[in-house]
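Dear colleague,

Please find below the structure that I am handing over to you. My findings follow directly after it.

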Amino acid sequence: MLDFCEQSVGVALLQLVSRAQALIAELLRLSDRVPEEFKSPGSIFAPLLFDFRYFKSPDVFEERIESNAELSSLDDEFRDKFSDLLERFFQLFNGIVNYYLDLTRYLEDLQEGVYIQSTVESVLHNEDGCQLLVEALVLLGVVLILLEHRLDGTLRENLLVSYFRCKGTFDVPNFESISTLCRHYPQPTSSPVVAVTAFLQSSPPPVPATMLNLHRPEESFSRFPLPSSLVKTVIGRLKSHDLYNQVGHYPSPDHRTTALLGQAASLYVLLYFAPTILHSDSVMMREIVDKFFRVYWVLPVFMGFTVDLLSAWSRFKAAKNAISSSITLSAVRVVSQEQISKVQTLLSDLSAFLSEGVLNQDFVLNNISTLLSCARDCNATLRWLLLHNITTSRKLRELVSNQDMALLTLLLDTSRLEFELKNVYGELLKRKESRWAESKTIVAECMNDLSAFFSGVKVLSRTIRDENLQQWFSQMCSEVNSLDYSEAVTAGRKIQHIITALEEVEHFHQIQGSLQTKQYLSEARMQLQEMIRTLNVQESTLATISVISDCSYSWGLIGEFTLLIQSQIQNDPFTVSKLQCLFLKLRSVMDIPLLRLYQSQSADLDSVSEYYSSELINYVRNVLEIVPASMFTILNGVIKEQMMNLSEIPGRFEKDSLKDYAKLDERYALAKATQRVAVFTQGIMSMKRTFIGAIELDPRQLLEEGIRRKLAEEIDLALKKTLVFSTGQTDDLEDKLEALSASLSSQRQSMEYFQDYVHVHGLKLWQEEYTNIVNHNTELGCKHFLTKVHKQPTSILDSGSVNDDNFMNRVVLKLLNLTNPSKSMYLAPMTGWFNAEGQELVGLRTFITLQESLGPVGVSGIDSIVSSHAARVLGKCIFSFRSEIEVKLLDHLQALEGAVRPLSVTPNGAVYAECIALISTSSECVTWVESLAHIGQLQLIRCLLSSQLRAASQLESGMVFFALEGLGTALFSTMETDSERTNEKSNGVLKELARQLQACGMFSPMKTTYITAKAPAHISLFLFLITITQLTRFVLDKHLGTLVSKAKKTALDCCPLVAGFATLLHQFHPSHSILYIQYLAQFAQAHIGKSSESSTAPQWEVANTVAWILDFAKYARVSHEVLETSVPPLVLESFGTSMGTRSHIS
């Protein structure tokens, strides 16, 4: 006959139960991921969250949103951000409704005889069928309870309405049922008398989040009713039968309620489908309470979620009377004292069993009943104390004394006993047949030897011949050899007869006088007893151990012990070895949800297993994070000791200074700290690799992950705490960078010192975490500039434009403040910025200090932020020109361009006057010029950053530098000669190569194309006019070889401004740069002509213009040949020498 689960009726029911388990896992997963925007009434998306009133008039709500531009923009962001998550929530709600519909349809089909030879009664009569049917009904109730507990009604309505708003239609199947499931029913207000009474009573004690405290769960159940006759039948079955055969694992009457606790949880849920029993059936409630809740009133419902029946049944008359009559203060006091008194006794027994060398195979074989009894008592006591320690009644909780430390010790020792017992008994079961055969062989040899002895052939002591004994022992040898392992019952009886016969034969006078013979007989009897004990090793015993060690009830309670466990680890690092047993015990929480999924080979098995496994792994990480935390507490002390008291010992020093370098007390403290770190590591390494569900628990990996997290926290703290600039002085920047360099260097030294004792690559971890932190802050800094241009502030210097927590932004902000073009002057020969008094603000020393403190990754990160900022400002400049300036000046620019064409002709200088006057008085143009100066400032900073990166790379990693240089040259040469060979793979290589080249400083900021946009009309002419308006502010300093401001404290610096012009024109075709130079050369020629006619020295316009042209050619990388074709040689020869020799910026 087919098994029930192989029949169609069983397969369908098993699949239903599997679906319910998957729905619960998804419900728990999603309830942990509800966005804060849906929970907080003051969130920015609160105006877009509606309840079911939206369904009555959706057009009104949508019109209100569309009429408000801000709400409309916010709505677009809301849809982009939450649409995928809302889809998952809807699928959950739809899945719950479909499960209910499929379950009711299955029950109808079962009742109508669709499944041949199967009815509700036959299914309930079958053991597997009864279990599955009860689970299918109970899990529906569990889903409804957890849905109400984890996602309140208002939240469900907001989620459902938001989903339909994103979807744009209500045309979905089961719309009414889904709305019924998600509808929020407000709680009725209590009367003034009840409110005053509740106020006068003492407030209830705190309870964990897993304690179910629903207002009216029967109302939720009434929305999805089940056939009342079926519910009552199932309740009767649960009330009268041991559904899961648990009583056999708990033979003691004291453990009867513990054995039936799972059925009690099923009864609790199902009774809400039949609330009339709770209200009025006093007889049935009395029977249920007497059998299931005689000493338990806090009940584990599902996966650690618990309920206090005294509170949950307070509104039901029959249920309240029944539970109140059993759970009284006096009764609870007696039970509590009994359970608490057991703790010390059990701890004493466990200590004896867990002593070194006690739990061997022989001891387990001889005392398995005692060990199982101890394990039952421990688990029953733990279950009662842990559950009732969270009761909502303050008076009853006071009776359950606070025994947290004793309970933790009992939990750890019980877990270890079960772990050792499973291992030893599992080994016995594995070697059962071979062990039995060994004992059988020994007994047969003994009988053979005794037979040979009494035949007179073999001598044990003196020769004794007795044919009868010889034949008898020979017959016993045959009997032993005939024992069959596969027929355990028959073999056991024969062994008992043989043992009795050997005891009787020992009384013969021929044997009594022979000590050697008696020794042989004693050995044979002992081995026969061993054979009987070996036959008694059964797999059912392992099943009993698994049942009694079930810890699923504690999933929501064990978190209360986290701080205690961590405290004990700090005091005794070897506690970690016990924790592995506890974690393996907690693994039993996954047995219930995964069993049916595995039996049905459900596609959701991996997903559900991964969820529960990850939850358990997160708990393990949470507990064990105290290990790296303690290690880093020690590490910080070592860092402080190394920085303040210990100095590096030189290779050679005077003999007299040996004592000064030794510092024995400090080195003793260092050795002591090292020993503590090693002990922590040893405790972690004593754990073995094992699987927690679908995830492997690797202690070495856990240790490394913990060290990484704490190391990242320490590095991040050092960076954020040190890089805070309180003054505007350049010394502030360099002092903080030097302090940071010392701090990070001490961290690296300490990690290098400890890495051999913690079995990790300390320096590698430090470098990786430091790189990750810097890259993360760099990414955040760059993201600030990667949004729409017109929505961004003008400068990074604007208030509120920089995240104060981002240390990279703070460094960039400090650099920009110090190099502000309106407050400083960039001198190319000195490669630095100076103030009006000639004091250096930022120079090569600053960038060297940056390199030494933040390293190449930090300098590269600063360059990335500056580059993103430059791209943003460039985009804003072009946007501003097209939207504001070009509209106002277009006609004037067209007229001027007609007047100055062709460029080979020297126009009258008066043609520029009108446009120059308009630009000089335009506020938009003034702001535009400041933006260009800011671009030039950013470019000059990037030039020095790239120069520093390049120099450091050549010095510290020359082979890598030149290898990258050669690879880049080869690839770019190949691309120029054969551009068709570039594909997606080569693009990836080029992208990575570009990243590496940038990290080594092999890039030219002045050749960087930040944006790809079509050049605005007359951009070269407009920049020429802007230049003319600025030239009047500068004077040529022949000593410095550059243009300097006449009013040094107010005017913009010339070099950043020229660099800004060059950068802007570089974004377009090179012809625009050449045209810009030609306009300037034409302007210079016009004034040269005027000066020749007046026979005076060259005017300032000529000198400043030529100086500007030469500076622009340098920054724009205009070749000398192009410059000669654009600017008359006479101009270059006459005024180029006055500029002196100036270095080019790479």
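Ser-853 is buried, with a relative accessible area of 4%, which falls under the 20% limit for a buried residue. The model is a predicted one, and the values in this message were computed from it. Ser-853 is found in helix H39, and its side chain reaches the backbone oxygen of Thr-849 at 2.9 Å. Leaving aside residues up to four places away in sequence, Ser-853 touches Leu-737, Ser-741, Leu-744 and Tyr-770.

Next, the nonpolar cores. The largest nonpolar core has 327 residues. Phe-93, Tyr-268, Trp-313 and Trp-1108 are the residues with the most contacts inside this core. Helix H39, which spans residues 844–900, supplies the largest share of the core, namely 19 residues. Another core, of 27 residues, lies apart from it; among its members are Phe-453, Leu-469, Leu-483 and Leu-521. As for Phe-93, which residues does it touch, not counting residues up to four places away in sequence? They are Leu-147, Leu-151, Arg-156, Leu-159, Leu-160, Ile-178, Leu-181 and Cys-182.

I turn now to the sheets. One open sheet is formed by 3 strands in the order S1-S3-S2, with mixed pairing. Strand S1 (211–212) and strand S2 stand at its edges. Each of these two has a single partner strand, so one side of each is left without a neighbour in the sheet. In general, strands of a sheet pair through backbone hydrogen bonds, either parallel or antiparallel.

Strands S2 and S3 (residues 305–308) run antiparallel and are joined by 4 bridges. Two of the pairings can be named here: Phe-302 has Phe-305 in S3 as its bridge partner, and Pro-300 has Thr-306 in S3. The hairpin of S2 and S3 has 2 residues between the strands, and in this hairpin Met-303 takes a positive phi near 50°. Is strand S2 largely enclosed or left open by the rest of the structure? Strand S2 covers residues 298–302, and 5 of its 5 residues are buried, so the strand is largely enclosed by the rest of the structure.

Another open sheet of 3 strands has the order S6-S7-S8, and its pairing is antiparallel. At the edges stand strand S6 (825–827) and strand S8 (840–842). Each of them pairs with a single strand, so one side of each is left without a neighbour in the sheet. From one strand to the next, the twist averages 45°. Strand S7 (residues 832–834) pairs with S8 in the antiparallel sense over 2 bridges, and Phe-834 stands opposite Glu-840 in S8.

Thr-819 lies in the loop between helix H38 (807–818) and S6. Is Thr-819 buried or exposed? Its relative accessibility is 1%, so Thr-819 counts as buried. The side chain of Thr-819 makes a polar contact with the side chain of Gln-937, at 2.7 Å. With residues up to four places away in sequence not counted, Thr-819 touches Ser-824, Trp-833, Val-842, Gln-937 and Ile-941.

Glu-704 has its place in helix H35 (residues 699–722). With a relative accessible area of 29%, Glu-704 is partly exposed, because this value lies between the limits of 20% for buried and 50% for exposed residues. Glu-704 touches Val-760 and Leu-765, again not counting residues up to four places away in sequence. Glu-704 and Leu-765 are 61 residues apart in sequence, and their C-alpha atoms are 8.6 Å apart in space.

Finally, the cysteines. How many disulfides are there? The count comes to 0 disulfides, where a disulfide requires two cysteine sulfur atoms within 2.5 Å. Cys-446 illustrates the point: the cysteine sulfur closest to its own is that of Cys-477, and the distance is 10.0 Å, which is too far for a bond. Cys-446 counts as buried at 8% relative accessibility. Cys-782 is also buried, with a relative accessible area of 11%.

With kind regards

Technical notes. Residues are numbered from 1 along each chain as its sequence is written. This is a predicted model: local features need pLDDT of at least 70, side-chain atom pairs count only at pLDDT 80 or more; totals for chains, interfaces and linings use all residues. Side-chain values use heavy atoms; hydrogens and water are left out. Buried means under 20% relative accessible area, exposed over 50%, partly exposed in between (1.4 Å probe, protein chains only). Two strands pair if DSSP finds at least two bridges between them. A nonpolar core is a set of buried Ala, Val, Leu, Ile, Met, Phe, Trp, Tyr and Cys residues joined through side-chain atoms within 4.5 Å. Contact means heavy atoms within 4.5 Å. Axes are lines fitted to C-alpha atoms, for helices over the stretch in contact, and angles run from 0 to 180 degrees between N-to-C directions. A polar contact is a pair of N or O atoms within 3.5 Å; within protein, one must be able to donate a hydrogen and the other to accept it, and residues adjacent in sequence count only if both atoms are side-chain atoms.
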